[in-house]
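This report was prepared for a reader who has the sequence and the coordinates at hand. It is best read alongside the display below.

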Amino acid sequence: MPNLSKLETQVHKDLKSLNAQELKKRYLSKEGLLTKEFANIKNVPTNQKSKFGKRINKLKSLVDEKLNNSKTETKIKKSSRIDPTAPFDCNTQTDKRPHILDLQGSSHILMQEVNRFNEIFTSMGFDIVECRQVDDDYHMFESLNFPKGHPARDMFDTFWTEDGFVLPAHTSTMQNRILKSKNPPIRTVIPGRVYRNEATDAGHEHTLYQCEGVYVDKNVSVANMIATIKEFLEAYLESKFDIKIQPAYFPFTEPDCEFAISCPFCNKKGCSTCGYTGWIELMGCGMIHPNVLKSANIDPDKYSGFAWGFGVDRLTMIKNNIPEIRHLRAGSIKFLRDY
Amino acid sequence: MKLPLNIAKQYTKLPKEVKTTVEILASRVGEVESYSNISEKYKNVVIATIKQKSDHPDADKLAIYQISVDNDKNIQVVAGDKTLEVGDKVAYIKPKGIVPSTYNTEKPFTIDSVEMKGVTSNGMMCSEKELNIGPNHEKVLKLPQDAPIGENFSDYYELNDTVVEIENKALTNRGDLFGIIGLARELAGSQGLQFTSPNWYKETQIELQPSETCLNFDIDNQAKALCPRYCAIAMSNIQVEDSPTWLKSALLRSDIKPINNIVDITNYLMILTGQPVHAFDFDKVMKHDTKQADMGHIVIRTAKTGEKIHALDGNIYELNDRNLVIANSQHPIAIAGITGGIDTQIDKNTTNIILESANFDRYNLRHSSMELGIITEASTRYTKSQSPSMCLPILSHAVELITELCNGQISSTLMDSYPVKEEVDQISINIDKLNTKLGLNLNSEELIKLLENIEYKNTDSKDKYITFQIPVFRQDIEIEEDIYEDVARIYGYEKIIPVLPEKAITATSLPKMMTLKNNIRNILSNSGCNELLTYNFVSMDLLKKTNQDPNICLKLKNPLSKELELMRPSILISLLEKTLLNTQEGINSFGIFELGLSHQKDNLDKEELPLEEWKLSFIFSDNTDKLSGSPFFQSKRYLEQVLHKIDIKNLSYELATDIDYNSTPVWVKTLLNSFESNSSAVVSTVVGKTKVVLGIVGEINNEVKHNLSLNDYSCAFEINLESVLQVKSHSKKYVESSKFPYITQDICFVTPTKVTYAELLLTVKKAIEKENIQSNIECIDIYMKEGNDTRNITLRISITNTTKTLKDKDYQKIRERISKKIAKIDISM
């Protein structure tokens, strides 16, 4: 058995005197003393192998420990005091001073689309109000004609906080506030972040962007609703298409429907974007339920209105050919730079 | 909800083309998820008869059969089931046919001609399971003797039918449309046809009186609020057996497994009408009721906490006092409207039954169903709301079918607990209002015809007011507007001509906050940075790694996972996580930012909701050697890039370690721990005489860098955009620039470390300041020799006079003034 005791003495001595880098070089580098001994194991007689192995491993762990400790020690060291009012640090060479990156940056693709919506809706005379991101049961459900325990609440897989707040599952959570905020005519669009408690996959996310609209005035009709939504979509998609209204159910509208357009990519022939149906279902809409108007102190005999809501993520994906919804919030610069 | 069109056809005429029917459903009823003809599954499955049978020479467990599909040629098939005899009828899959139970699955199984221990087998004879019509997979299914040889199995089993699946969500408020009759009614109305419900659906057709034998039982409704109606009747002399083919087929097309004639009849009525019907084995109800065995007792009550039931799905459920149960005098025998119990289920030996047709409170039922995690065909239908008025006619039709198909006899009087009888509603419609709101122009005849086609009844018409009696099976009609929807749907949305609303011209503009955010977005994305959107949810682990306190966070009651259980108290935390990701993806130098909201548990606004203030968070990370010195200065550079461009220039920086903790806003305090205190600063500005804190800027805390394996050169800022808006001024001052040349000199100031750069600059500026004098000052260099306590700060000072050319001696005078002023703060030139 090769003599290890000499090496052991040396290690114990060096642990005290050498710094991390020196230790690493002397013992663990390619030519390091311990590395060599490890290579040597094969020459040790079989009956002594285990004993030899144990001793040399112990030495290695001693060195490793010291190295790890020194790592944390140096990392956790506090930075030294600077003069925050100066434009750059002391002794910084001219070419290494703070500078603005000479790169093409990007604003988020979803925000680009939201801005486009906002432009169109403001040009159509709508106000814009942003959506809250944490709200209460009253605004999310009760004021929208979802009594407590109503099965329609199941349609919205909602997150709740332990303090009883609700994470809005739709931007309609702002409807009551907006309807209360002024007298009709009311024309407001509400973009905002909403949440759905559902497992994520290529097409589903728990965090989404939605855009809601409300229009309340005298003699507002379903015909007005269809025309308004169509007007917006034609401006946004920059094309003409056919529309299809399908019945649906939402507690806060009556009648309620689903708004679909003929696929602008294949002209109803069927393609991957429309799932080979020729049609794309874009949003839910309907005439605001009289109970919703009443809970905002608007007389449903005098006024009527419509509302709609659509998912921005999906429209953005359709328009920009993005295959995975999860890319949108993964935060990878590689993806973001492409848009 | 599944709609087999051939069953619907028994109740109304349908268009010739299936596609047209589907289009009507989609445009008049609700979203169609899919539709297909079930017979596609059985393409190569035909009825065959066994002609010869012999043993397999080399395998004891196999038999060789010669079968025929035309009574002419024989086909050799090897099977593991040796119990078949010559003359038996079977369902046979030809080679190249797909086993029906695997059709449209991930692994469709195609039958081939194969050697089985040296004997060729051409195709396969199917078990129930392989045909997807029952659970048995050990034996080949023997078909009745009347099965015609050569006929396709799906034709024989009446499965040649198109089934349309309608999205349940679209029918959430329409319990009546969870029955085929309801959907048939809508289909009729949409084609302009008068629909008439079958007589048995409208009212009881038979006398519900016992004939001879008497099965004694009573019902006790102890929870009237949760059980508006409970109808039950006993029947005896039942013969439980397999259902006839037509009945099995009807259930199979609705995706319900045939079990036996009694259960199948109850399920059949449910798929026809939406009203669930349940059958208990009378003798088992008695047997398990050891207390009072003289007669049967059905008790409707809430469960006792801890009470258990062994349900039909095989699981044992522990109940609580919010769950409504059906019990005998001791134990629950069913969870009301959700599932029956195994102890009282119908089996082959059942001869006496109690039939139940009841109505339960849908809110309570939904709660129990969700709490216990049991969703059944019945619970789905009950939560969509069923009509108490329908309980009796449907019970009585079940009795009719059981009499006919199972030889049953009524053997008790009808038990009917119906404490508050539902009244027939009448609603008046203002036809002018209807036309205005829908954008239509219907006259009263058209309106009446349209609604009477779907069984509304016109009871009165006065001027523009038309009154209708609401059909009893409709639970969703409460107000006039609910009827508008029926009109719009049945009439057709496509007939409404879109008209843009007339409106007064009003100017609109984006809210200030949105404009500000857009500006910032433009500035930073034009400065090489990338905007991110990240989740509001963060993990406990991430908070710990970023030195943040999880106790200030809102916590989700029902998070998707542990990783997503807390609401972030600042945006920075999410960005820190993404910094690592991007470094790992090989991006060496980058700036990322997010405009978002964050929440803190105890920081509430005037609505008593968590305060929401828009923040801008930014991180810069670099692992090249293109930058040196403290990373603080790089984040400051970017912060000023933003703030200067939106005209906030009067900024002051206070080192994090020196700040007055008490006067610092809460959200900044919480962020301090994620920053390095000696190389980070709280940034503020002054409006009038008030200091307004904007946020925090500086180097990422070294521990945080270590925990997240971030680059050493990592810095960040987070600012409050509400404060930015508050201090942002909108008027810019115009300063006419001098027409005369500048004189420029570089001056080095030996500055003690205790004096900041800002103090030096201010002092110099004050010294220069004079009428007609304009100046530009640029910092050229800051140098400090190791061990010294002074810095050499070199400023390039350019000066001009707006009225005349400045001379060297004038500059010299200014230098002297500077020299005098700075001497007071121990600086020399």
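The text that follows treats each chain, selected strands and helices, one residue in its setting, and the contact between the chains.

**Chain A**

The structure is a predicted model. Chain A holds 11 helices and 9 strands. Its radius of gyration is 33 Å, well over the 20 Å that the globule rule gives for 339 residues, so chain A is more spread out than a compact globule. Measures along the principal axes go with this: the C-alpha trace of chain A spans about 100 × 55 × 45 Å. The domain assignment divides chain A into domain 1 (5-76) and domain 2 (109-336), and the C-alpha centres of these two domains of chain A are 65 Å apart.

Of the 339 residues in chain A, 44% are buried. When contacts in chain A between residues at least 6 apart in sequence are considered, 66% of them join residues at least 24 apart.

An open sheet of 7 strands in chain A has mixed pairing and the order β1-β4-β5-β9-β8-β7-β6. Its edges are formed by β1 (127-128) and β6 (243-247) of chain A; each has a single partner strand, so one side of each is left without a neighbour in the sheet. Within the sheet order, β7 follows β8, and these two strands of chain A, β7 (residues 253-262) and β8 (residues 279-288), are antiparallel and share 8 bridges. In this pairing A:S262 is placed opposite A:W279 of β8(A).

**Chain B**

The assignment for chain B gives domain 1 (2-31 + 167-196), domain 2 (40-156), domain 3 (217-417), domain 4 (426-495), domain 5 (512-727) and domain 6 (743-823). Between domain 1 and domain 6 of chain B, the C-alpha centres lie 87 Å apart.

An open sheet of 3 strands in chain B has antiparallel pairing in the order β1-β11-β2. The edge strands β1 (2-4) and β2 (32-37) of chain B each pair on one side only. From one strand to the next, the twist averages 15 degrees. In this sheet β1(B) pairs with β11 (residues 162-166) of chain B over 3 bridges, and B:P4 stands opposite B:V163 of β11(B).

Elsewhere in chain B, strands β7 (residues 113-116) and β8 (residues 119-122) run antiparallel and are joined by 4 bridges. B:V114 has B:S121 of β8(B) as its bridge partner. The hairpin of β7(B) and β8(B) has 2 residues between the strands, and there B:K117 takes a positive phi near 50 degrees.

The three antiparallel strand pairs described above are set side by side here.

| Strand pair | Bridges |
|---|---|
| β7(A) and β8(A) | 8 bridges |
| β1(B) and β11(B) | 3 bridges |
| β7(B) and β8(B) | 4 bridges |

Helix α9 (residues 362-372) of chain B has B:R362, B:N364, B:L365, B:R366, B:S368, B:S369 and B:L372 as its buried residues. Their cover includes β17 (316-318), β18 (324-327), β19 (332-335) and α10 (377-383) of chain B. After α9(B) comes B:G373, with a positive phi near 70 degrees.

**A buried glutamine in chain B**

B:Q275 lies in the loop between α7 (261-273) and β14 (278-281) of chain B. Why does B:Q275 count as buried? The reason is that 28 other C-beta atoms lie within 10 Å, where 20 or more are required. Leaving aside residues up to four places away in sequence, B:Q275 touches B:L269, B:M270, B:S357, B:Q386, B:M390, B:C391 and B:I394. By contrast, B:D826 is 551 residues apart from B:Q275 along the chain, and their C-alpha atoms are separated by 93 Å.

**Where the chains meet**

The contact takes 93 residues from chain A and 107 residues from chain B. On the side of chain A that touches chain B, helix α8 (residues 222-237) of chain A gives the most, with 8 residues. The residues on this side of chain A comprise 40 nonpolar, 29 polar and 24 charged.

Helix α2 (residues 18-28) of chain B offers a view of packing that involves both chains. Its buried residues are B:T21, B:L25, B:A26, B:S27 and B:R28. They pack against β6 of chain A, together with α1 (5-8), β2, β11, α4 (180-190) and α14 (480-491) of chain B. The β6 strand of chain A named here is one of the edge strands of the 7-stranded sheet, while β2 and β11 of chain B belong to the 3-stranded sheet.

Methods
Residues numbered from 1 in each chain as written. Chains lettered and ligands numbered in written order. Predicted model: local features only at pLDDT ≥ 70, side-chain atom pairs only at ≥ 80, totals over all residues. Contact = placed C-beta atoms within 7 Å. Nonpolar A, V, L, I, M, F, W, Y, C, P; charged D, E, K, R; others polar. Pairing = 2+ DSSP bridges. Axes fitted to C-alpha atoms, helices over the stretch in contact; angles between N-to-C directions. Rg over C-alpha atoms; globule rule 2.2 N^0.38 Å. Buried ≥ 20, exposed ≤ 12 C-beta atoms within 10 Å, placed from the backbone. Domains from an automatic or database assignment.
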